[in-house]
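Here is a friendly walk through one protein chain, meant to be read with the model open beside you. Take a look at it, then follow along.

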Amino acid sequence: MMSRLLIFGLLLTTCSIALASDPSPLQDFCVADLKSPVLVNGVVCKDAKLVQADDFLFRGLHRMENTSNDVGSNVTAVAVADLPGLNTLGISMARIDFAPMGINPPHTHPRATEILTVIEGRILVGFVTSNPENRLITKVLEKGDVFVFPQGLIHFQKNLGHGYAIAIAGLSSQNPGVITIANVVFGSNPNIVGDILAKAFQVDINVVYQIQSKF
């Protein structure tokens with residue numbers, strides 16, 4: 001009986017691990033057909049006979065993008081919507097440009113672990129563990145340093161320098177998703193009821209209304 005329970009437990013564990021990432025490809029490639037009206041968990045494959053080299057190509061990641069915004073950063077994503085050849089491969093990437101003292105605000109990737117490499121500058125990074133510990137794990141990274149953010153955890157980056165900074169991120173999903181905490185909590189459509197946020201953040205409801213007005 002115990003051996004059967006052990007085997008059952010191992011099977012459950014194996015299934016859980018298998019379901020924790022994007023599905024594995026069953027052919028050489030499955031280039032996304034972004035124009036297909038068919039809805040699946042992922043993106044429908046283009047006819048392999050119509051696939052071209054450009055389906056596996058993304059150009060322009062060498063360019064610094066505009067960081068003149070409220071947070072002082074810009075993320076250039078290279079996910080399946082930008083590079084159809086990523087479909088079913090379980091990976092994507094992004095370039096993050098930082099203005100002096102700019103931040104990539106607290107956010108999560110619901111479907112991916114992130115590994116970040118500093119290309120230029122000095123960047124403070126960190127993530128917070130889940131309830132109930134809520135432990136902040138943080139580090140200052142220099143050029144060439146690499147840091148990992150576990151899947152689903154809230155994390156952030158800040159440029160500590162007076163010049164521009166650049167980082168490249170790899171993500172373990174073709175479509176990692178991003179949930180920017182402030183945007184979701186205070187900028188939802190329609191707004192979350194003010195008294196809920198006032199109680200959650202332990203602030204006056206007028207503070208909530210003031211923050212919501214900025215999103």
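Is E120 buried, partly exposed or exposed? With a relative accessible area of 37%, E120 is partly exposed. Please keep in mind that this is a predicted model.

**The chain as a whole**

The chain has 215 residues, and 33% of them count as buried. Its secondary structure comes to four helices and 10 strands. Reading from the N terminus, the order of elements is α-β-β-β-β-β-β-β-β-β-β-α-α-α. Along the principal axes, the C-alpha atoms fill a box of roughly 55 × 55 × 40 Å. About 13,500 Å² of the chain is exposed, and carbon and sulfur atoms supply 61% of that area. If you take the contacts between residues at least 6 apart in sequence, 69% of them join residues at least 24 apart.

**The five-stranded sheet**

Next, have a look at the strands. Five of them form an open sheet in the order β6-β5-β8-β3-β10, with antiparallel pairing. The edges are held by β6 (136–141) and β10 (179–180); each has a single partner strand, so one side of each is left without a neighbour in the sheet. At the β10 edge, two bridges join that strand to β3 (residues 103–108), and the two run antiparallel. To find this pairing on screen, look for H107, whose bridge partner in β10 is T180.

**Salt bridges**

Side chains of opposite charge can pair when their charged atoms come close. The structure holds four salt bridges, and the table sets out three, including the one made by E120.

| Pair | Closest N to O | Relative accessible area |
|---|---|---|
| D55 and K46 | 3.0 Å | D55 11%; K46 26% |
| R95 and D97 | 2.8 Å | R95 6%; D97 0% |
| K143 and E120 | 3.6 Å | K143 55%; E120 37% |

These pairs sit in various surroundings. R95 is buried, and its partner D97 is buried as well. In the pair of D55 and K46, D55 is buried, whereas K46 counts as partly exposed. For the third pair, K143 and E120 come to 3.6 Å between their closest N and O atoms. K143 belongs to the loop between β6 and β7 (146–149), while E120 is in strand β4 (residues 114–120), so their salt bridge ties together parts that are 23 residues apart in sequence. K143 is exposed, and E120, as noted at the start, is partly exposed.

**Around the loop between β6 and β7**

The same loop is worth a second look. E142 is also placed in the loop between β6 and β7, and at 37% relative accessibility it counts as partly exposed. Which residues does E142 contact, leaving aside its neighbours within four places in sequence? They are V118, G121 and R122. E142 and T117 are 25 residues apart in sequence, yet their C-alpha atoms are 9.2 Å apart in space.

There is a nonpolar feature to find too. I115, V146 and V148 form a nonpolar patch on the surface, and together they have about 230 Å² of accessible area. Of these, V148 is placed in strand β7 and is partly exposed, with a relative accessible area of 41%.

**Helix α3 and its two faces**

Finally, turn to the helices. In α3 (residues 194–201), the residues G194, L197 and A198 are buried. Why do the buried residues line one face of α3? Seen down the helix axis, they fall within an arc of 105 degrees, so they line one face. The background is simple: an α-helix has 3.6 residues a turn, so residues three or four places apart point the same way.

The face turned away from the buried side carries the exposed residues K199 and A200. As for the cover over the buried residues of α3, it includes α2 (181–186) and α4 (205–212). If you trace the backbone past the end of α3, you come to Q202, whose phi is positive, near 55 degrees.

Technical notes
Residues are numbered from 1 along each chain as its sequence is written. This is a predicted model: local features need pLDDT of at least 70, side-chain atom pairs count only at pLDDT 80 or more; totals for chains, interfaces and linings use all residues. Side-chain values use heavy atoms; hydrogens and water are left out. Two strands pair if DSSP finds at least two bridges between them. Buried means under 20% relative accessible area, exposed over 50%, partly exposed in between (1.4 Å probe, protein chains only). The arc is that of the directions from the helix axis to the C-beta atoms. Contact means heavy atoms within 4.5 Å. A salt bridge is a side-chain nitrogen of Lys or Arg within 4 Å of a carboxyl oxygen of Asp or Glu. Patches are made of residues with over 30% relative accessible area and no salt bridge: like charges are joined within 9 Å, nonpolar side chains (Val, Leu, Ile, Met, Phe, Trp, Tyr) within 5 Å. Accessible areas come from the Shrake-Rupley method with a 1.4 Å probe; for residues, only the protein chains shown count as cover.
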